[in-house]
Every structure is written in structure tokens, then in C-alpha cells.
Amino acid sequence: MPADAINYAALARELDSALAGGRIDKIVMSDKSTLMLFVRAGGVNRNLIITAATAPRCYITAGKITATDVPLSFCLHLRRHIGGGVIDKVSAAPFERILTFDITARGDLGEELRRKMIVEIMGKYSNVVLTDGELKISDALKKVSLGEGRPVLPGLKYEFPADETRFFPTDREAAERLRATTGDDDLPAVMVRRMLGLSAATAREIIAEACGGNLAEGAARLLAKPTAPVVYYTGGKPKDFSFCDYATADGERRSFPTLSAAMDEYYAHTAATDVKALAENAVRRTLGAALDKQRKKLGVFEREYAAAQDYEKERILGELITANLYRIKPGERTLTADNWYEGGVTVITLTENTPQEDAQKHFKRYQKKKRTIASLEKQIADTKGATDYLESVEAALMNATTADDVAEIAEELEDAGYITRQNAKKRVAVSEPRKYVIDGFDVLVGKSNVQNDRITKEARGEDIWLHTQGFHGSHVVIKARGKEVPRSVIDKAAACAAFFSKARQSENVPVDYTQAKNVHKKKGAAPGKVDYFGAKTVYVTPAPPAE
């Protein structure tokens, strides 16, 4: 995306115009990476969001964030040092994604104090640093120790990043050398690597502005353009934004009155995706670890089960020794006896113990292995059940589309004991099942095992219930509402059930269907686990209802 230094320079001018002279009324943080300043400027309340999370950004937003129950230490530090202060100026470091907010605050005795809040929008290295007027650091959102790169610690002087390997896009001589040694196909990528502050989109736009001439002239022309923010869309979803219309950008365009408004539109969609991705990755890691643990346990149990399968042989050896005690002479180390259980002759190894003790050893082994078999049968069944359940959660996670869907799956895993609940109070699930209309019939598709149970339990007896045969996936319910459900609707709902299952990439997938009154859940069964009878089977190609 083109949220590079060129665009942040335009944003700095916009923020300076909107916030200069504004008073910081309130400062809150929603988590350890995101804060918001509520600024009263020009008789208007403005919300400045700053985040160093997955999608780092800084702009004026129409929304608000929810403060943490207990203020974080950095939030308290900002309140103490710049709360109630006035923003004098907002500026951007030359060709860097760094914004500096010059602030006049008041000390404990009412004296004026100069502060600088420096916002670094630099990917995973993004940070917010508070300094005094001489750039001495008082605190930072992320502290960087000595030896870890550019140090950011209280008491040190703040140093702006320096990169001597790259040059300003407006440097004519360096731009000429770069253009002379680089082919047209590689030029945008090389510009991003060698020039400061450019994204690939802006590099392409500079090339177009240069019209075959010096790239520095193209950069200068682009920088001189007035701010006229644009958001670019693909398939109705925001893909990029820029401070002015890029002729080289693809997609549909929509103009916005301010760059902040354009960024608000863009991040309203992409930030939700980032939150979902982070939550999904966390749940996926938990699931992966739990599944690995269950599979390893199952492997151990099955090996022990196989090793104990000869328990009857131990009993036979003990009985053969007991029956032949009269034949065993002192000091003999083997016994050759007729085996009337299995036929033939069996050679039994004896020890230094007495024959009676050897017989008892085999009887004890028999009893131990027999108990092991009984115990392992239950453990294997429980482990297979846990593995089956976790694989069903894995299938639900694969089909999750929003952060709320992922949150409900995480809550289900909390209830099952696979994730430690962060708060004693149980969260209220906010996700809803997928809802479709197929040829006039309402169709519900569960997004998680908990939803599967809910839509199945709430289904009326004559409703049609569907599920893939032999594959983990969503429960699907066709609401009959007193009507006979046509086979064409059942086929389409079956294709939907196959699509929202682990058989999505397969063909000719078997899907069972029956009336909801034939579906029952045993007491204590895992979420999403049901028994059903009287089902018929259709074979379908997975497809969502829209297709």
C-alpha cells in the first residue's frame, strides 16, 4: 500500500492544519499498542488514533477506542506530561514515516514546558516516543535496549533513523545514476530499495510523472501536487489509498475530503482483517499444539496396547510351569512342555528363582497386562474423541470469516479447557450463524461447534438437517415452516454443507440429510457431536449458495 513517507508528509500538513492550537483533553489506550488523543481544536473535537499494532497508523478518525479498565503505565505518563497541553505544530521527518507533534504543556507550578511526541510508523518497529524540547526521552511505547539497534530508553537523546545506503527521491545526481544502471522492469523495485520513503505504488507514479526524464523531477512534480485523497477499490473492498489520484493505480476510485477520512475508510476494512488474522493465528497455534499432544498420546497408547496384547500367553506360561513342577529339576533353566492350549511344544525360560516363583511372575504379568488393556482401551477412546473434537474445531476455524467468529471459537476452546480464560466472567458470544435463502427457504449454517449445537437444538422436527458424511464441517438446517422441502433445495443446501467442511476441495462429497427430529445429542457429548438416524445421502460438489 502507498502509506509511505510521501503520503505521511501530506498527512502531516493536514494534521498541522487541523490540530495546531488544539488542546489535548483526554488520552486513553485500548491495549499496549494503541492510544487515542482527544483534541479540541478550532471548536471541533477530533480523535487522533495512533497504533503500533499489525497495521501501524496515525490519523484523525471518526471512531473511538475503548480504554483499558486499568490505565497502562505509558498512558499515565502521557497524561502527566502532555495532558491538557496544546499542540503547536505537526511535522514529518524528510522522507521518513515519522510524525513529530510539538506540544506546550504545563508543569506542576504552571510553568510552560516544551514536549515532543514522536510517532514512528515503521512496520514492526513502529513506536511512540515522548521527549522534552531538547529530544531527551522521558518514555516510549516500546523501549529498545542498547545493542538491539537504535536505542530508545528514558534518559537518552532521541536520534532520528539514519540510512546512508539510500538517498532522497529528489536527489537529481543519484536519481540519474540509478536510472542509467537499472532496466525498466526492475526500476520500481530498485527505487524502493535505494530511495528513502517510497512504496512500490509511489515509485511507479514517480516513473510516470518523470515521462522518461530524470526521476527526481518526477518526484518533485508528485510532491507538488495538491492533496486530493483517493481510496482504490477492488471487488468493492478498499485496496489502497493515496494523498492524490495515482494515474498508475488500478481499481475503482473514490475521492475523500481529507487524507484522514480516506485512511479511516481504508483501515475500517483492513484493520478488522488484521484483528481477525491475529486472533486466528493465536487460536490456530493453540489448536495445533493440542492436536500434536493428542496424536502423540495416541501413538504411545497404541504402542503400549499392542505390547500388552500377549497377556494370555503370560497366563499360559504360568499354568504350564505349575502343571510341570514335578518335572523341573533344581538348576534347570528351561522347561519343554506340551502346550495343550495352542498345540505343539513350548520351551519356557526359567530363572534363578524357584519354579513356583517363575509361575507367579507370569501370572502377575498376565494380570498387569490385562488391566493395562482395559485402561488403554478407555484412554485410546478418550484420546480419539479429543482428537476428533479438535479436528472439528479446526474445520470451523477454517471457515471463520470475522474476528467475532474466531472469538466464539476461542471461547469454545476456553470452555473445553484448551485455553486459559483471561477473565473469570464468561464472554457473551456475538457471532451469528450464516444465513441464506435458497429458493424461498431459510438455511442456517453453523460457524462453530457451539453454533452447530444451537441451530440443531432450535430446529423444529420437520426441518431438514444436513452434515457431510465422514468429514468435519458445519451443521446445516433448512427451515421447512410447514412446507415440503424440494429435492433441489436439499441439493443446494448439501453443496453448502460440503463447502463449509473439510471436504471443500473434493468432488462428489457424500452429505447426509434427515429431519431434525431424528437428530439427538447424548448427555455429556462434545460440542457439535450428535447422533442421527433415518438419513439419506446425496453426493454433491461443494459450493456456497450464491454459486
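Which residue just after α1 takes a positive phi? G21 does, with a phi of about 85°. The model described here is a predicted one, and the report begins with that helix before turning to the cores, the sheets and a few single residues.

## Helix α1

Helix α1 covers residues 5-19, and its 15 residues should span 21 Å at 1.5 Å a residue, which agrees with the 20 Å that separates its end C-alpha atoms. At the start of the helix, a side-chain oxygen of D4 comes to within 3.3 Å of the backbone nitrogen of I6, while just after its other end stands G21, the glycine with the positive phi.

Eleven of the 15 residues of α1 are buried, so the helix is largely enclosed by the rest of the structure. The buried residues are A5, I6, N7, Y8, A10, L11, A12, E14, L15, A18 and L19, a list in which N7 and E14 stand beside residues such as L11 and L15. An α-helix has 3.6 residues a turn, so residues three or four places apart point the same way.

## The nonpolar cores

In soluble globular proteins, nonpolar side chains tend to be buried together. In this model the largest nonpolar core has 76 residues, and those with the most contacts inside it are L15, L19, L48, L99, F101, M117 and M191. Helix α1 gives the most to this core, contributing eight residues.

M191, one of the residues with the most contacts in that core, is in contact with L178, L198, A203, I206, I207 and L215, when its neighbours within four places in sequence are left aside. A second core, separate from the largest one, has 27 residues, and V489, A497, F499 and Y513 are included in it.

## The six-stranded sheet and helix α12

Six strands form an open sheet in the order β15-β16-β18-β17-β19-β22, with antiparallel pairing. Strands β15 (434-438) and β22 (536-540) stand at the edges, and each has a single partner strand, so one side of each is left without a neighbour in the sheet. Neighbouring strands are turned by 25° against each other on average, if direction is ignored.

At one of these edges, strand β19 (residues 509-515) is joined to β22 by five bridges, the two strands running antiparallel, and P510 has Y539 in β22 as its bridge partner. Helix α12 (residues 487-499) lies across β15, β16, β17, β18, β19 and β22, and runs at about 70° to β22. The second core includes V489, A497 and F499, together with Y513, and the first three of these fall within the residue range given for α12.

## The three-stranded sheet

A further open sheet is formed by three strands in the order β11-β10-β12, and here too the pairing is antiparallel. The edge strands are β11 (237-242) and β12 (252-255), each of which pairs on one side only, and the twist from one strand to the next averages 30°.

Strand β10 (residues 230-234) is joined to β12 by four bridges and to β11 by five bridges. Y233 stands opposite E252 in β12 and opposite P238 in β11. The hairpin of β10 and β11 has two residues between the strands, and in this hairpin G235 takes a positive phi near 60°.

## Positive phi outside glycine

Most residues other than glycine have a negative phi, and most peptide bonds are trans. F95 has a positive phi, near 55°, and lies in the loop between β5 (86-92) and β6 (98-106). With a relative accessible area of 15%, F95 is buried.

C211 also has a positive phi, of about 55°, although it is not a glycine. This residue is placed in the loop between α5 (200-210) and α6 (215-224), and at 69% relative accessibility C211 counts as exposed.

## A buried aspartate, D139

D139 lies in strand β9 (residues 137-140). Its relative accessibility is 10%, so D139 counts as buried, the limit being under 20%. The side chains of D139 and K143 are joined by a polar contact of 2.9 Å. Apart from neighbours within four places in sequence, D139 is in contact with F74, H77, V129, L130 and P154.

Conventions: Residues numbered from 1 in each chain as written. Predicted model: local features only at pLDDT ≥ 70, side-chain atom pairs only at ≥ 80, totals over all residues. Heavy atoms only, no water. Pairing = 2+ DSSP bridges. Axes fitted to C-alpha atoms, helices over the stretch in contact; angles between N-to-C directions. Contact = heavy atoms within 4.5 Å. Expected span 1.5 Å × (residues − 1). Buried < 20%, exposed > 50% of the residue type's maximum accessible area, 1.4 Å probe, protein only. Polar contact = N/O pair within 3.5 Å; in protein donor to acceptor, adjacent residues only side chain to side chain. Core = buried A, V, L, I, M, F, W, Y, C linked by side-chain atoms within 4.5 Å.
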